[in-house]
Amino acid sequence: MSFLRSRRHSSRFKWWVLSCTSLGMLLATVNSGTLIIALPNLERSLHTTLLQLVWVMLVYMIASTVLLLTAGRFSDLFGRKNAYVLGFLLFSAASLGAGFADSGTVLILWRVVQGVGGAFLFANAGALVTDAFPRQELGLAMGTNVMVGAVGLVVGPVLGGALVAIAWPWVFWFNVPFGLLGSAWAYLVLHEMSGRDSAERGLDLPGTAVFVVGLTGLVLGLSKGGLTGWSGPVVIACLAAAAVLLPLFVLLESRSDSPMLDLTLFEDRLFSAAAAAAFLNGLARFALMFLFVFYFQGPQGQSPLMAGLELAPLALGMLVASPIAGAIADRRGSRGLAAMGMVVTAAGLAGMTMLQAHTAYSWSALWLALVGIGSGMFNSPNTAAMMGVVPVHRRGIASGARMMLTNTGAVISIAFVLAVVTAAVPKNVLFRIFSGLASGLSVRQLDPFIANMHLALWVLAAVSLLGAGVSLLRPSHKVVSSRVLAVEETA
């Protein structure tokens, strides 16, 4: 035990851990950016349907989301190091296979496997950092991880544009050497920082199955409903299944001996309010890259490379704001900073409703940068606050719960935005926009798409303001000594 303690407070070891988790974050965010910029090219090359194209993105997020808590439980039982190495290896193998896909269906199947690997990376990164760093430095450490993720968001779309110019499979094959490097680095660097929780064995397979079907039904119902209409039997069945199974999931978790989602974590007011805010932040912000890739390559008529460059202000804002916000939160607390971040995000989203088909790019850059700054202000303080109040042996499942909520919000965000922007837009116009071939369309033909985009952005801005209010519901916290972070009375 004294050995573990000495490793925990080793000034050198904690930075090795941060380098490993940052590599995982970089890989995940670069992959997201390269793929999203390549979506119009994928549609043309593999002759996918519009629904298949969207599900190339969504199925990865669903797989990584629904397995986050199982991956967190796995790490609590069998070790965070083992889980993290496994995540890198699965991600690499799936990336290799995805590059050889010859149809949209095969690509979607490989993306499921990639999502399983992503779940093991996402679920354990926060827990590994929290184990290694003392609590008064946790905000800075989380901010660094978010900053590295922001670098990936800057590099990803630009790199995606360059890789697509070679051939679309390189969008996936590029991940392979980095994934193998990450697995080797994790194996060499990481050490188990806490004893495994032997009192709670087993995985919650019924809860996992119910959540998989419920969330998939919700997302499929939303995404298909916007494209084909809301009265179809598949859409109705999917939404009905979600309405029944998602509440059933909560009921099952409250009665399970080894729940997938430990509801006792939410008895802590700070954790529960920060978790709700994380969900709302994912819901408000995540669809933006998805939406603006098609806005830039469609109505604005940009190439994949230029569209990637034009997305950079969003990530640059996060890159600048995240470490600064983390350091401030370590000294002064996170509640007000997280709330202000969501207000700034809401302002940026509202500003985007002034964009038209041929608006000058400088306005898009301004609003994207503002949303990025707001996201950076929110993410690292909110994450540090959540993880800092969780006992050591529960950090794997807590980190999984945090990412599950954020990713659930992100999945619903994309499905919702797709449903809104595709409603009442002629199918031939939609396919030209989503294929990056909209340059010949008139302003009048593009107007329905732009109007629907504005409606979606107004809703996302309102969700962000709601998240700011939720952030203010939690107790304040600040550093009260050189080693301890304390939860104070509610202001």
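**Exercise 1. Two cysteines and the disulfide count**

Is C20 buried or exposed? Decide this for the predicted model shown above, then do the same for C238, and state how many disulfides the structure holds.

*Solution.* Begin with the cut-off, since a residue counts as buried when its relative accessible area is under 20%. C20 has a relative accessible area of 0%, so C20 is buried. The value for C238 is 13%, and therefore C238 counts as buried too. For the last step, recall that a disulfide is a covalent bond between the sulfur atoms of two cysteines. The structure holds zero disulfides.

**Exercise 2. The chain as a whole**

Describe the chain by its helices and strands, by the percentage of its residues that count as buried, by its contacts and by the area it exposes.

*Solution.* Start with the secondary structure, where 20 helices and two strands are found in the chain. Next comes burial: the chain has 491 residues, and 61% of them count as buried. Then consider the contacts with a separation of 6 or more, of which 84% are made by residues 24 or more positions apart. Finally, the chain exposes about 17600 Å², and 71% of this area is supplied by carbon and sulfur atoms.

**Exercise 3. Two residues in helices**

Place G156 and N41 in their helices, and find which residues each of them contacts beyond its neighbours within four places in sequence.

*Solution.* Take G156 to begin with, which belongs to helix α7, covering residues 138-166. Its relative accessible area is 0%, so G156 is buried. Once the neighbours within four places in sequence are set aside, G156 is in contact with V30, G33 and T34. The C-alpha atoms of G156 and L311 are separated by 9.8 Å, although these residues are 155 residues apart along the chain.

Now turn to N41, which is placed in helix α2. With a relative accessible area of 16%, N41 is buried. Apart from neighbours within four places in sequence, N41 is in contact with V164 and W168. Between the C-alpha atoms of N41 and A165 the separation is 9.5 Å, while along the chain the two residues lie 124 residues apart.

**Exercise 4. Two residues in loops**

Which loop holds H47, which loop holds Q300, and is each of these residues buried or exposed?

*Solution.* H47 lies in the loop between α2 (11-46) and α3 (50-66). Exposed means over 50% relative accessible area, and H47, with 66%, is therefore exposed. Look next at the backbone, keeping in mind that most residues other than glycine have a negative phi. H47 is not a glycine, yet it has a positive phi of about 55 degrees.

Q300, by contrast, sits in the loop between α13 (287-297) and α14 (304-310), and at 17% relative accessibility it counts as buried. Its side chain reaches the backbone oxygen of A357 at 2.9 Å. Leaving out neighbours within four places in sequence, Q300 is in contact with Y295, Q356, A357, H358 and T359.

**Exercise 5. The largest pocket**

How much space lies in the largest pocket, and which residues of its lining lie nearest its centre?

*Solution.* The space in the largest pocket comes to about 290 Å³. Its lining consists of 17 residues, and those nearest the centre are F211, F249, V250, M404 and L405. To trace the lining back to the helices, note that at least two lining residues are supplied by each of α10 (205-228), α11 (233-255), α12 (269-285) and α18 (395-422).

Conventions:
Residues numbered from 1 in each chain as written. Predicted model: local features only at pLDDT ≥ 70, side-chain atom pairs only at ≥ 80, totals over all residues. Heavy atoms only, no water. Disulfide = S-S within 2.5 Å. Buried < 20%, exposed > 50% of the residue type's maximum accessible area, 1.4 Å probe, protein only. Contact = heavy atoms within 4.5 Å. Areas by Shrake-Rupley, 256 points an atom, 1.4 Å probe, with all protein chains shown as cover. Polar contact = N/O pair within 3.5 Å; in protein donor to acceptor, adjacent residues only side chain to side chain. 1 Å grid on protein atoms, 1.4 Å probe; cavity = no way out; pocket = protein on both sides within 12 Å on 5 of 7 lines; lining within 4 Å. Points joined across faces, edges and corners; volume = space filled by probe spheres on them.
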